[in-house]
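Visitor: Hello! Could you choose a single part of this protein and take me through it closely, with a little of the surroundings for context?

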Amino acid sequence: MSPAVPEVTVRAIAAGGDGVATLPDGRTVFIPRAAPGDRLRLRDLRLHKRFARARIDVVLEPGPDRVVPPCPHYDEDACGSCQLMHLSAGGQRAAKARIVGDALRRIARLDVADPEVLESSVQLGYRNKLTFALADGHFGYHPLAAADRVFEV
């Protein structure tokens with residue numbers, strides 16, 4: 001039997017791009033495509049010994065940096081290529097600064113503040129490397145958490 005699916009509020013973005021929240025039992029839950037400040041009802045909750053993973057069932061109240069992703073593949077195909085496209089440009093910079101700052105403090109054991117992430121002059125179209133996949137006659141990208149499938153771009 002599946003555990004009861006709670007409502008949570010996302011507090012941050014983890015290094016892999018998942019939103020981070022706390023379940024009522026104290027476990028940290030990682031949620032793809034969640035934004036800081038989002039109040040969510042979860043689905044597909046998978047409990048592990050010290051953490052959990054889940055998906056968004058319903059965004060009950062969006063966080064201040066949640067935006068409609070500009071790429072149609074992000075939602076329509078559940079594209080796994082871009083992890084933060086549901087965040088505003090400022091929200092993406094804040095998440096990246098926090099991720100780098102956290103790594104410097106936790107891994108390098110440096111006593112530093114989050115670094116400043118400079119705004120780019122372009123919002124999209126800046127990638128210089130693409131890795132496409134081929135599966136079952138389809139050439140494109142993998143959907144999020146589905147490395148065995150490919151959707152055409």
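**A close look at the six-stranded sheet**

Guide: With pleasure! Let's begin with the whole chain: of the contacts between residues at least 6 apart in sequence, 38% join residues at least 24 apart. Contact here means heavy atoms within 4.5 Å. Please keep in mind that this is a predicted model, in which local features need pLDDT of at least 70 and side-chain atom pairs count only at pLDDT 80 or more, while totals for chains, interfaces and linings use all residues. Residues are numbered from 1 along each chain as its sequence is written, and side-chain values use heavy atoms, with hydrogens and water left out.

The protein contains two helices and nine strands. These are DSSP runs numbered from the N terminus: H or I over at least four residues for a helix, and E over at least two for a strand. Followed along the sequence, the pattern reads β-β-β-β-β-β-α-α-β-β-β.

Now to our chosen part. Six strands form an open sheet in the order β1-β5-β6-β4-β3-β2, and their pairing is mixed. Its edges are β1 (7-9) and β2, each of which pairs on one side only. Two strands are said to pair if DSSP finds at least two bridges between them.

Start at the β1 edge. Strand β1 runs antiparallel to β5, and three bridges join the two. Look for Glu7, which stands opposite Arg41 in β5.

Next, step across from β5 to β6. Strand β5 covers residues 39-47 and strand β6 covers residues 51-61, and they pair in the antiparallel sense over seven bridges. Arg39 faces Glu61 in β6, while Leu40 has Val59 as its bridge partner there. A hairpin through three residues connects β5 to β6.

What about the other edge, β2? Strand β2 (12-13) is part of what covers the buried residues of helix α2. Those buried residues are Gly91, Gln92, Ala95, Ala97 and Gly101. Buried means under 20% relative accessible area, exposed over 50%, and partly exposed in between (1.4 Å probe, protein chains only). Helix α2 itself takes in residues 89-106, 18 residues in total, and reaches 26 Å from its first C-alpha to its last, close to the 26 Å expected at 1.5 Å a residue. That expected span is 1.5 Å times one less than the number of residues.

For company, there is another open sheet, of three strands in the order β7-β8-β9 with antiparallel pairing. Its edge strands are β7 (133-135) and β9 (151-152), each pairing on one side only. Three bridges join β7 to β8, with Ala133 opposite Gly140. Two residues lie between the strands in the hairpin of β7 and β8, where Asp136 takes a positive phi near 50°. Strand β8 (residues 138-141) pairs with β9 in the antiparallel sense over two bridges, and Tyr141 stands opposite Phe151 in β9.

Finally, step back to the whole protein. Its C-alpha trace spans about 45 × 45 × 30 Å along the principal axes, and buried residues make up 31% of the 153 residues. The accessible surface comes to about 9800 Å², with 53% of that belonging to carbon and sulfur atoms; such areas come from the Shrake-Rupley method with a 1.4 Å probe, and for residues only the protein chains shown count as cover.
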